[in-house]
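Trainee: I'd like to learn how to read a structure like this one, feature by feature. Could we go through it together?

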Amino acid sequence: MSVYDPKGNGKDRAVEQVQFIEAAPPEHLRAVVHRFLDLRTDGALAQDYRFHALPDACTYVVFDQIAPEVCGVTRLRASSEELNLGRAFHFTNIRFLPGVWQGAYGLGQVGAAYEGALPLRAVNARMAGLSFEDKQAVLAEFVDTLVAQGLVVANPVTERIFARIDDIFSVADMAEVAGLSPRQLQRVLKSTTGFSPHDFFKILRLQQSLGGEPSLSYADQSHFIRSFRQATGYTPGQYARKFDV
């Protein structure tokens with residue numbers, strides 16, 4: 001079972017009315033799904049809300065619960081993004097583990113109607129008015145369908161990497177843990193995650209630092225601060241003052 005536990009977002013400390021809930025998937029889906037997510041406002045905010053999405057190499061299926069036609073499949077680059085979600089919103093998402101999604105990206109997303117072949121609109125409509133707990137059953141059923149169709153497949157290479165993530169301090173370590181040559185690792189990661197080994201390694205190090213002790217993944221403090229700022233746009237101190245992770 002994967003031990004990768006990405007911190008996918010930063011919540012602005014100054015905005016109390018934004019609720020963010022995560023839930024683990026059923027046991028049989030934990031090789032492909034990291035979490036089911038719900039992000040919503042309690043009433044209209046006084047100003048637009050900027051959501052800080054951290055790079056985690058995961059694929060997200062996003063459902064807009066206010067505008068059911070708006071949904072899609074997305075993945076971040078190796079740096080963070082700040083999204084303006086406006087003053088009232090409600091999104092329910094699936095966060096898939098890196099390397100398991102086999103389908104297309106970028107169809108729909110925040111603010112755009114979905115026009116692809118997946119039944120995303122139908123799934124979104126089924127969740128209308130449900131509690132987050134009840135939505136999870138709908139989402140799990142949808143993932144079961146994706147698995148049966150081969151659109152979501154467990155990734156043995158990333159599973160081996162995650163199982164020994166604390167032993168990885170370089171791309172060479174990653175290749176050794178995966179049991180692949182550097183060239184094979186390049187090909188497998190690029191085709192399954194969309195990232196080069198170097199970018200994938202940077203994302204893993206950032207996520208490790210968010211989960212605890214930076215020295216687990218960075219050679220020294222100045223390197224950690226520089227790398228963190230490149231990935232997020234903030235120093236670690238600035239980020240901690242502005243966001244809850």
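Trainee: Let's start with one residue: is Ala57 buried or exposed?

Mentor: First, some housekeeping. This is a predicted model, where local features need pLDDT of at least 70 and side-chain atom pairs count only at pLDDT 80 or more, while totals for chains, interfaces and linings use all residues. Residues are numbered from 1 along each chain as its sequence is written, and side-chain values use heavy atoms, with hydrogens and water left out. As for the terms, buried means under 20% relative accessible area, exposed over 50%, and partly exposed in between (1.4 Å probe, protein chains only). Ala57 has a relative accessible area of 3%, so it is buried.

Trainee: And what about the backbone of Ala57, what is its phi?

Mentor: The general idea is that most residues other than glycine have a negative phi. Ala57 is not a glycine, yet its phi is positive, about 70°. You'll find Ala57 in the loop between β4 (49-53) and β5.

Trainee: How are helices and strands assigned, and how many are there in the protein chain?

Mentor: They are DSSP runs, numbered from the N terminus: helices are H or I with at least four residues, strands are E with at least two. The protein chain has eight helices and nine strands. Of its 245 residues, 47% are buried.

Trainee: Which strand is β4 joined to?

Mentor: Two strands pair if DSSP finds at least two bridges between them. Here five bridges join β4 to β7 (residues 81-86), and the two run antiparallel. To see one of them, look at Arg50, whose bridge partner in β7 is Asn84. Four of the five residues of β4 are buried, so the rest of the structure largely encloses this strand.

Trainee: Now a helix. How far apart are the end C-alpha atoms of α2?

Mentor: The expected span of a helix is 1.5 Å times one less than its number of residues. Helix α2 (residues 132-148) has 17 residues and should span 24 Å, and its end C-alpha atoms are 24 Å apart, which agrees. Just after α2, Gly150 takes a positive phi of about 75°.

Trainee: Which residues of α2 are buried, and what covers them?

Mentor: An α-helix has 3.6 residues a turn, so residues three or four places apart point the same way. In α2 the buried residues include Phe132, Lys135, Val138, Leu139, Phe142 and Leu146. Contact means heavy atoms within 4.5 Å. The cover for the buried residues of α2 includes strands β2 (18-23), β3 (33-41), β5 (59-64) and β8 (90-96), plus helix α1 (120-127).

Trainee: How many aromatic pairs does the structure hold?

Mentor: Rings of Phe, Tyr and Trp (its six-membered ring) pair if their centres lie within 6.5 Å; planes under 30 degrees apart count as stacked, over 60 as edge-to-face and the rest as tilted. The structure holds six such pairs. One of them is Tyr4 with Phe162, stacked at 4.6 Å centre to centre with 10° between the planes. Tyr4 sits in the segment before β1 (9-12) and Phe162 in α3 (residues 156-163), so this pair ties together parts 158 residues apart in sequence. Both are buried, Tyr4 at a relative accessible area of 5% and Phe162 at 2%. Another pair is Phe63 with Phe142: the ring centres are 6.4 Å apart and the planes at 75°, so it is edge-to-face. That pair ties strand β5 to helix α2.
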